[in-house]
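Hi,

Here is the structure I said I would pass along. Have a look at it first, and then read on for what turned up in it.

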Amino acid sequence: MRQFVHPSTSDIRLESVLHALSDPVRLSIVRQLAREGEATCAALDGGRPKSSMSHHFRILRESGIVKTRNEGTSHMNELRAGELDRIFPGLLTAILNANPVA
């Protein structure tokens with residue numbers, strides 16, 4: 001199974017984080033991870049096509065928002081909340097507490 005590449009905290013950029021969170025699908029994934037904790041890709045896909053979700057998870061990983069690890073045949077995703085809060089204090093909390101657009 002392939003290994004995932006994650007940026008170090010020193011390589012996480014605000015522009016990448018904001019870009020990743022500007023997509024409603026990715027924002028919903030982040031909100032679900034914040035509520036429920038670590039989850040598989042399947043638990044987070046919302047019935048969307050696997051190819052689309054692979055793209056969204058790649059963007060979230062590359063931006064430094066999510067860390068993905070292999071567990072058997074599943075990919076487990078975890079929000080890097082603590083790391084993001086150290087880099088950008090209060091940003092993730094503000095985004096997660098914002099009212100979703102209807």
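Below are my notes on the sheet, a salt bridge, and the empty spaces. Keep in mind that this is a predicted model.

Let's start with the sheet. Three strands make it up, in the order E1-E3-E2, and the sheet is open with antiparallel pairing. Strand E1 (39–40) and strand E2 (66–71) are the edge strands, each pairing on one side only. E1 is joined to strand E3 (residues 74–79) by 2 bridges, with the two running antiparallel. If you want a spot to look at there, Thr 40 stands opposite Met 76 in E3. Helix H2 (residues 24–36) lies across E1, E2 and E3, and runs at about 85 degrees to E3.

Next, the salt bridges. The whole structure has 4 of them. In one of these, the side chains of Arg 69 and Glu 38 meet, at 3.0 Å from N to O. Arg 69 belongs to strand E2 while Glu 38 sits in the loop between H2 and E1, so this pair ties together parts that are 31 residues apart in sequence.

Now for the empty spaces, beginning with the open one. The largest pocket holds about 350 Å³ of space. Its lining has 17 residues, and the ones nearest the centre are Cys 41, Lys 50, Ser 54, Phe 57 and His 75. Helix H3 (41–44), helix H4 (50–63) and E3 each give two or more residues to this lining. H4 supplies the largest share, with 6 residues. What is the lining of the largest pocket like, in terms of nonpolar, polar and charged residues? It's a mix: 6 nonpolar, 5 polar and 6 charged.

Then there is the closed space. With a cut-off of 30 Å³ or more, the count comes to 1 cavity. About 40 Å³ of space lies in this cavity. Which residues line the largest cavity? They are Val 17, Leu 21, Leu 84, Phe 88, Leu 91 and Leu 92. Helix H1 (14–21) and helix H6 (91–97) are the elements that give two or more residues to that lining. As for character, the cavity lining divides into 6 nonpolar residues, with no polar and no charged ones.

If you open the model, you could begin at Lys 50 and Phe 57 for the pocket, then go to Val 17 and Phe 88 for the cavity.

Cheers

Definitions and conventions:
Residues numbered from 1 in each chain as written. Predicted model: local features only at pLDDT ≥ 70, side-chain atom pairs only at ≥ 80, totals over all residues. Heavy atoms only, no water. 1 Å grid on protein atoms, 1.4 Å probe; cavity = no way out; pocket = protein on both sides within 12 Å on 5 of 7 lines; lining within 4 Å. Points joined across faces, edges and corners; volume = space filled by probe spheres on them. Helix = DSSP H or I, 4+ residues; strand = E, 2+ residues; numbered from the N terminus. Nonpolar A, V, L, I, M, F, W, Y, C, P; charged D, E, K, R; others polar. Pairing = 2+ DSSP bridges. Contact = heavy atoms within 4.5 Å. Axes fitted to C-alpha atoms, helices over the stretch in contact; angles between N-to-C directions.
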